[in-house]
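Biologist: Please take a close look at a single part of this chain, beginning with the loop you consider most worth describing. Then set that part in the context of the rest of the chain.

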Amino acid sequence: MRIALLQKFKNIILTNYYAIINLGIREGDSTTEIKRIKLLNLFCIAWHVRTILEFIDDDLTNKPLLLSLFDFFIMVLIVGGIQFLQYKRKLLTARLLFICSILFLTFMYANYIYTANFLEYYFMLVPGTTLIFIDNKKINWAIIFTAFIFMYFPNFYFNHYSAAYSNFSIIFLFFGVLIMVNYFKNLNLKNEKALEIKSTELEELDKFKSQFFTNISHEIRTPLTLIKGHADDLKNLSSKDVKIEAIQQNINQQINSITEIVDNVLDLAKMKSSNFKLKTKHANISDLIEKIYLSFESLFYQKNIDFDLSLNSKNYITNIDPIFIERALNNILLNALKYTEKGSVTLDVSRKKQFLNITVSDTGIGISKNNIENIFNRFYQVNNDINQSGGSGIGLAFSKEIIELHEGTLTAKSKPNIGSSFIITLPLTPKKTAQETPIKTSSVTNNLLKSLPKNNIESNTIFLIVDDNLDMRKYLKSILQNYTCLEAKNGIEALEIAQNRKVDFIITDYMMPKMNGLTLITNLNKRKNRIPIIMLTAKNDIDSKLEVLNLGIDDYVTKPFEKEELLIRINNAIKNYHNKVKYNEENNLGTFSIPKEKDLLKEIELHVNNNSDKKELNQDFLSEKFNISKSSLYRHIKSKTGMSPKEFITEIRLQKARRILENNSDILLKQLALEVGFQHTSYFSTIFTNRFGYKPLKKETF
């Protein structure tokens, strides 16, 4: 009880202390300014303590009470005034009051109250104080010479001392202190400026690296899309040829591997961002580890390496982001596969107190003592024959940062020519607080797309393909070979074509020189040139996708993509566009508008997004919510989107489901369906597939 009270008292004192120390600090203050504010607040605290102690001492030495009280209140008034000025951000005034108080009080005490006690030496505080707190040279020198006059010349009048002031030593002492403080102040300012420049350079370098990673991602994903398209052409040439099927399957495997490397690089860059967050949940990690083991078993078998799993329990509950933990563990196992030529690899999972240890041990080439400290650094690679043939040096760095974000550790032990062990330690969830969310372990087979929805693309449709990559434009033209296709290398060319030529549909890249896809769409919206638009993007983060969807485009497709998937998206976009045009023509709504119609549509969309899991979400519900008749609501949504309110609600739900799936591919189908308001998974799966061209289990075409 006593310890608890003491701790509580200590916390109160510390809280108040930090509140007083930081009095007057505002966001955006420079480092130097913050130091000055804190230092003056610290002086004020010390002054308050000195005042209290002096008052107690006066009482013990029987000093007159009225004089003690007068001294006490004068000091409290001065120091309180300084703190008030700090609080009001009158910083220069507070500092001048502080320095002038030292001058005045020292002069009074030295010459009238406690004479001949060498209190004049307090004047030596003034040069240092003014140099620390004030940058104005005129004010500084005025205060410094005033302090020197107050210290040196009154003695000739009051004659408190005889020998002490008879030579020039006091002058040298005073200005010696001044020179030293001035030297260290200038040195500190110089160092702080250099540090600020360095910090700015590092920030710019970090931005450059992030942009570099994004650009590289774009450059890699574009040829991947083309490779994937040509691989699909192989299977169309001869579906019965086993060799061609094998080649096509192998190419797709390599595409997936490269895509994973790109994702690792991008995620590694994003991890340093303040808005990067894991999507953790309490889950049985044993299921996930078994799934990973099964996915690697055949790879080790092909290389004639024994691969063993030692799982002591089927019920290890941890708070994890399954997607990222799987990728972190995959990287470590891929390393073991890469650097082990013969022998065995063991995946051992065991509990040690409140922690889970996942150990990957191999009998590979090992790592020397000099290199083992650097293997978790970004882009670092040990100099050996295997690495000379390829590698990115990001896998282990990525894994380590993922594990540390989970409040765990990743360490390594290794001996050359004997083998290596990588140990992941993760905190286990106490049984009382654990509420397990199952991890899906089923896989999805990759089947061919058997049929497209009803073709809504008319033969005379004119497409505008906007992409800076010539090969990508050629590939898109080959997909749309039955239609007229115009080409543009960037947004500027696209705007010119859209202004001078009839265009029925735009397919645009996100990243392009001169004018990117985002700016292109913004400009098209300003011109009220509203035709169906699909954006191709290498950016796989949710924020970028929401950014383009908020501009009112019909859809986005992430590279690399299947051509059948793209055709399905085009079909859906054209269908909605035709419905919108037809409805407006039939009802003479070419100029139809209601107050704040754009805001209303966004409000409806936001409301549906936030309440997508509610079964009662329908036209009646929205009509009542937004205080608009059912017929007006129908006309408004139909004229703006080409969809009925029911179709519009379904579209928003499906888009939300897609975003959830892209962020968490391991989510259970039933859970995903319920989160967006569908009670029957089979119906949800069917309409999701028809809308996006792939099943809502994993982004693979079927």
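Modeller: E407 lies in the loop between α14 (395-405) and β6 (409-415). The model is a predicted one, and in it the phi of E407 is near 60 degrees, a positive value in a residue other than glycine. Most residues other than glycine have a negative phi. The relative accessible area of E407 is 66%, and the residue is therefore exposed, the cut-off being over 50%.

H406 is likewise found in the loop between α14 and β6. At a relative accessibility of 5%, H406 counts as buried, because the limit for that class is under 20%. Setting aside neighbours within four places in sequence, the contacts of H406 are L278, T280, N319, I320, D321, I325, L426 and P427. The loop thus holds a buried residue, H406, and an exposed one, E407.

The contacts of H406 with L426 and P427 lead to a second loop. Q354 is placed between β4 (344-352) and β5 (355-362), and, beyond neighbours within four places in sequence, Q354 is in contact with L426, P427 and L428. L426 and P427 are therefore contacts of H406 and of Q354. Q354 and L426 are separated by 72 residues in sequence, yet their C-alpha atoms are 8.8 Å apart in space. Is Q354 buried, exposed or partly exposed? Its relative accessible area is 42%, and Q354 is partly exposed because this value falls between the limits of 20% and 50%.

A positive phi is also found at N304, where the angle is near 60 degrees and the residue is again other than glycine. N304 occupies the loop between α10 (285-302) and β2 (306-311). With a relative accessible area of 67%, N304 is exposed. Strand β2, which follows that loop, contains F307. F307 counts as buried, at 7% relative accessibility. Outside the four places in sequence on either side, F307 is in contact with Y293, F296, E297, F300, L333, V345 and L347. A further long-range relation of F307 is with T346: the two are 39 residues apart in sequence, while their C-alpha atoms are 5.8 Å apart.

For context, the protein chain has 25 helices and 12 strands. Of its 702 residues, 45% count as buried. Among contacts with a separation of 6 or more, 69% are between residues 24 or more positions apart.

Aromatic rings give further examples of links across the sequence. The structure holds 21 aromatic pairs. One of them joins F98 and F133 edge-to-face, with 6.1 Å between the centres and 80 degrees between the planes. F98 belongs to helix α4 (residues 91-113) and F133 to helix α5 (residues 125-133), so that the pair links parts of the chain 35 residues apart. F98 and F133 are both buried. A tilted pair is formed by F107 and F150, at 5.0 Å centre to centre and 45 degrees between the planes. F107 lies in helix α4 and F150 in helix α6 (residues 137-152), so this pair ties together parts that are 43 residues apart in sequence. F150 is partly exposed, with a relative accessible area of 28%. Ring pairs also link F43, W47, F98 and F133 into a cluster.

Helices α5 and α6, which carry F133 and F150, pack at an angle of about 170 degrees, with axes 9 Å apart. They are therefore roughly antiparallel to each other, an arrangement assigned to angles over 145 degrees. On the α5 side the contact is made by V126, P127, T130 and L131, and on the α6 side by N140, I143, I144 and A147. These residues comprise 6 nonpolar and 2 polar, with no charged residue among them.

Elsewhere in the chain, a charged group is set against a ring: R653 lies over the face of F678, at 6.0 Å from the ring centre.

How values were computed. Residues are numbered from 1 along each chain as its sequence is written. This is a predicted model: local features need pLDDT of at least 70, side-chain atom pairs count only at pLDDT 80 or more; totals for chains, interfaces and linings use all residues. Side-chain values use heavy atoms; hydrogens and water are left out. Rings of Phe, Tyr and Trp (its six-membered ring) pair if their centres lie within 6.5 Å; planes under 30 degrees apart count as stacked, over 60 as edge-to-face and the rest as tilted. Helices (H or I, at least four residues) and strands (E, at least two) are DSSP runs, numbered from the N terminus. Buried means under 20% relative accessible area, exposed over 50%, partly exposed in between (1.4 Å probe, protein chains only). A charge sits over a ring if NZ of Lys or CZ of Arg is within 6 Å of the ring centre and within 35 degrees of the ring normal. Axes are lines fitted to C-alpha atoms, for helices over the stretch in contact, and angles run from 0 to 180 degrees between N-to-C directions. Angles under 35 degrees count as roughly parallel, over 145 as roughly antiparallel, 65 to 115 as roughly perpendicular and the rest as oblique. Contact means heavy atoms within 4.5 Å. Ala, Val, Leu, Ile, Met, Phe, Trp, Tyr, Cys and Pro count as nonpolar, Asp, Glu, Lys and Arg as charged, and the others, Gly among them, as polar.
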